Amino acid sequence: MSNNTQNRRQFLKTSGKAGMAMAALPIITKLSPSNMMISSEYVQQPLPYGYAALEPFIDALTMEIHYTKHAAAYAKNLADACVAEKVDTNATNLSDLLKNISQYSPKMRNNAGGHFNHELFWQLMKPAPATAPTGALAEAITKTFGSFDAFKTALGDAAKARFGSGWAWLVVKTDGSLAVSSTPNQDNPLMDIAETKGAPILGLDVWEHAYYLKYQNKRPDYINAWWNLVNWEFVQKKYAEATH
Ligand code: MN
C-alpha cells in the first residue's frame, strides 16, 4: 500500500462523509475565490479520454502527470496572472490575449501559452484515429508540402530541431496558406511575438515532460509514435474554422 493510499484511507476514516465527498471531487470543480468568476476558456477542462487511452504510444503515467501537474499548473498560474494583471477573462478571449501577449508579463506569456497549447493538444489526439486527413485539409497539405508524407517529415523535422523545450505547429497563416513552424517554451503562433503568425491547427508538445518516462532522450521515437494519435477530424474542423 502506498503512502498516498494510506494517507487517503486515514483521511477518510477520520473525516467521515464530508471527507469522502471532498476526496471524490475532480480537480476541475475545486473553486477558489480567484477562479470563481473566471471564464471557462481559462480553466482546465476535463481530459476527453482516460490517462491510459493513448497507450502504447503515450503511457498512462506520462498522461496523468502531464495533465494533473504540468497543464494544471499552467491553468492555475494563468488565473493568478489574470488577477495580478487585471485581465477580465469574461471580456477578453484567450486568443485575443495571446495576440497581444507582448503587453503582458513573462508569467502571463508562459502560462497563457501553456494553458492554451495543452487544451488544444489534448483535443487533437484520440485513440485509434483515421491515419490521414481528408477533404480540403488533405488537398491544402498536398498543395503546400507536395505530399502527406512530406508534410509529416517537415513537422517532424521542426519538432526534432527545436532546441530545448517547445512545440512544432501546423499553422494557417493570415493569408489562408499553411506553414510548419516551431516555437520555444510555451509560445504559440497566435502570439504577436511569434516568427510565423497564424492559427495553430495542429501542435506537437516536445517538452521532455511529454515523453521522457517512456522515450527518455529519444525524441524522434516519440514524434514517430505520436502520428498514430492525431485526431484528423478535429484538425480538419480547426482548418475549416481558420479558413472560413
Ligand atoms: Mn506539455
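## What "buried" means here

A residue is called buried when its relative accessible area is under 20%. Keep that cut-off in mind as you explore this predicted model. N188 has a relative accessible area of 0%, so N188 counts as buried.

## The chain at a glance

Let's step back to the whole chain. Its secondary structure comes to 9 helices and 3 strands. Starting at the N terminus, the order of elements is α-α-α-α-α-α-β-β-β-α-α-α.

The chain has 244 residues, and 41% of them are buried. Among contacts with a separation of 6 or more, 66% are made by residues 24 or more positions apart. On the outside, the accessible surface comes to about 12,700 Å², and carbon and sulfur atoms account for 54% of that surface.

## A closer look at N188

Where does N188 sit? You will find N188 in the loop between β2 (178-184) and β3 (198-205).

Which polar partners does its side chain have? One is the side chain of N117, with which the side chain of N188 makes a polar contact at 3.0 Å. In addition, a polar atom of the N188 side chain lies 2.8 Å from the backbone nitrogen of L190. Leaving aside residues up to four places away in sequence, N188 touches L98, G113, F116, N117, W169, T183 and A194. N117 therefore appears both in this set of neighbours and as a polar partner, as both atoms lie within the 3.5 Å cut-off for a polar contact.

## Helix α2

Helix α2 covers residues 60-84, which makes 25 residues. From its first C-alpha to its last it reaches 35 Å, close to the 36 Å expected at 1.5 Å a residue. The helix also bends, by about 35°, at H66. Just after α2 comes K86, which takes a positive phi of about 55°.

H66 is also one of the buried residues of α2, a list that includes M63, Y67, Y74, L78 and C82. What do the buried residues of this helix pack against? Their partners are α3 (94-99), α4 (106-123), β3 and α7 (212-215).

## The nonpolar core

The largest nonpolar core has 63 residues. Inside it, the residues with the most contacts are M125, L178, L202, L204, Y222 and W226. Helix α2 gives the largest share of this core, 8 residues.

Take W226 as an example to find in the structure. Not counting residues up to four places away in sequence, W226 touches F121, L124, M125, L155, L202, G203 and L204. Among these neighbours of W226, M125, L202 and L204 are also listed with the most contacts inside the core.

Methods:
Residues numbered from 1 in each chain as written. Predicted model: local features only at pLDDT ≥ 70, side-chain atom pairs only at ≥ 80, totals over all residues. Heavy atoms only, no water. Helix = DSSP H or I, 4+ residues; strand = E, 2+ residues; numbered from the N terminus. Buried < 20%, exposed > 50% of the residue type's maximum accessible area, 1.4 Å probe, protein only. Contact = heavy atoms within 4.5 Å. Areas by Shrake-Rupley, 256 points an atom, 1.4 Å probe, with all protein chains shown as cover. Polar contact = N/O pair within 3.5 Å; in protein donor to acceptor, adjacent residues only side chain to side chain. Expected span 1.5 Å × (residues − 1). Bend = angle between axes of the 7 residues up to and from the residue. Core = buried A, V, L, I, M, F, W, Y, C linked by side-chain atoms within 4.5 Å.
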